[in-house]
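This report describes selected local features of one protein model. The sequence and structure are shown first, and the account follows by region.

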Amino acid sequence: MLVGLAFFKDYMTFQEWKKKQLAKKATNYVHFDFRTGLDRCVNYITDPQKVSVHAFYPFIHFTKIIKRVKNGHKADPKEREIYYASYIDSWIYRYYSYLINEKYNEYLAQTGLSSVSVAYRTNLSKNNIHLAYEAFSFIKKAEVSYVMIGDFTNFFDSLDHAYLRKSLCSLLEVNELAPDFYAVFKSVTKFHFFDLQKLLSIRHLDDSKKGRRALKSLNRILSPKELRQFKNLIESNPNSGFGIPQGSPISAVFANIYMIQADMAINKVVLTYGGLYMRYSDDFIVVLPNLSKEEFAFIYESIKSVIYSIPRLNLKEEKTKLFYVTK
């Protein structure tokens, strides 16, 4: 039952999306349900009634340590909190991400923002190298340019739920989310999770590569009965009213929707001065050619004003860099 698909403009048909998903290499991880491919659950995940009452499993959470090098020397590692969904939940998220992304792509085309928001898009046949090339090419065309790069503090962890819901309703042109859309929205705003280290401990495994491989070899980590037995170890979103789990298949499209008003306002300011604004998730670049120092200072403050007008959106000051570029 593909109820509601006609509501979305057909940039990618459902059959095209399905074919694309089936062509991908099958994921292989262990969770609270059995490994499930799209062909086995497609009728379920596309049925709005079933999704509206679906009982989502807790996410599994772990901290990913990312090694970094700065100026040729080891820098402090970066920690990223990752949450991954069960197989059936992941397919629901992917399907609804597809639906919402189609509407988002349509909106970007109508508003001229297609070249602004460039992360996690389903209709851009460009990778990071293409996008970086476009930015550098724009800079090279000008005699002089002021360039601003930066990102947002704890982006996914800071998204305000009420503002996100309002932005999503606005995009979908509805006053209230349909029950199935609300069930999906609720599952990633009021999310629950089980820490991976605790699951390893329950299975008497070390938190090591060997222990994780042994865990991955299981058909499922815990049965429904065992999950109920250890329900006291299930944690919930530690923040009231904000934050979504980074790692779910739908978190990226929600983050893009959260930025719609900010993208529109910043792009309007930048285009007025013949500049370029491009955002990849929580990283962005602004290029302003052939301006005086005073003009750039005014625009810089205008951009910061837009950013701080969005609930819980904050610039990461230590990663905000300003450059003056000449031939």
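## Serine 281 and asparagine 290

Serine 281 is located in the loop that links β6 (276–280) to β7 (283–289); helices (H or I, at least four residues) and strands (E, at least two) are DSSP runs, numbered from the N terminus. The model is a predicted one, in which local features need pLDDT of at least 70 and side-chain atom pairs count only at pLDDT 80 or more, whereas totals for chains, interfaces and linings use all residues. Residues are numbered from 1 along each chain as its sequence is written, and side-chain values use heavy atoms, with hydrogens and water left out.

Serine 281 counts as buried because its relative accessibility is 4%; buried means under 20% relative accessible area, exposed over 50%, and partly exposed in between (1.4 Å probe, protein chains only). Its contacts, with neighbours within four places in sequence left aside, are Ala119, Tyr120, Phe155 and Phe156, where contact means heavy atoms within 4.5 Å. Most residues other than glycine have a negative phi. Serine 281, although not a glycine, has a positive phi of about 60°. Asparagine 290, also not a glycine, has a positive phi of about 55°. Asparagine 290 belongs to the loop between β7 and α14 (293–308), and its relative accessibility of 48% is why it counts as partly exposed.

## Helix α7 and its ends

Helix α7 comprises 12 residues (161–172) and spans 16 Å from its first C-alpha to its last, close to the 16 Å expected at 1.5 Å a residue. The expected span is 1.5 Å times one less than the number of residues in the helix. At the N-terminal end, aspartate 160 acts as a cap for α7, with a side-chain oxygen 3.2 Å from the backbone nitrogen of alanine 162. Just after α7, glutamate 173 adopts a positive phi of about 60°.

The buried residues of α7 are His161, Tyr163, Leu164, Ser167, Leu168, Cys169, Leu171 and Leu172. They pack against α4 (87–111), α8 (179–189), α12 (251–258) and α13 (260–272). An α-helix has 3.6 residues a turn, so residues three or four places apart point the same way.

## Tyrosine 163

Tyrosine 163 is part of helix α7 and counts as buried because its relative accessibility is 15%. When residues up to four places away in sequence are not counted, tyrosine 163 touches Tyr258, Gln261, Ile310 and Pro311. Tyrosine 163 is separated from glutamine 15 by 148 residues in sequence and by 33 Å in space, C-alpha to C-alpha.

## Packing around α12

The axes of α7 and α12 are 9 Å apart, and the two helices pack at an angle of about 85°. α7 is therefore roughly perpendicular to α12. Axes are lines fitted to C-alpha atoms, for helices over the stretch in contact, and angles run from 0 to 180 degrees between N-to-C directions. Angles under 35 degrees count as roughly parallel, over 145 as roughly antiparallel, 65 to 115 as roughly perpendicular and the rest as oblique. At this interface, Tyr163, Leu164, Ser167, Leu168 and Leu171 of α7 meet Phe254, Ile257 and Tyr258 of α12.

The axes of α4 and α12 are 9 Å apart, at a packing angle of about 30°. α4 and α12 are therefore roughly parallel to each other. Here Ser97, Ile100, Asn101 and Tyr104 in α4 meet Val253, Phe254, Asn256 and Ile257 in α12.

Valine 253, a residue of helix α12, counts as buried because its relative accessibility is 2%. Apart from neighbours within four places in sequence, valine 253 is in contact with Ser97, Ile100 and Asn101. Valine 253 and tyrosine 120 are 7.0 Å apart in space, C-alpha to C-alpha, and 133 residues apart in sequence.

## Glutamate 81 in strand β2

Glutamate 81 lies within strand β2 (residues 73–84) and is partly exposed because its relative accessible area is 27%. Residues up to four places away in sequence not being counted, glutamate 81 touches His61, Phe62, Thr63 and Gln246. Glutamate 81 and glycine 247 are 166 residues apart in sequence and 8.5 Å apart in space, C-alpha to C-alpha.

The side chain of glutamate 81 makes a polar contact of 2.6 Å with that of histidine 61. Another polar contact, of 2.8 Å, joins the side chains of glutamate 81 and threonine 63. A polar contact is a pair of N or O atoms within 3.5 Å; within protein, one must be able to donate a hydrogen and the other to accept it, and residues adjacent in sequence count only if both atoms are side-chain atoms.
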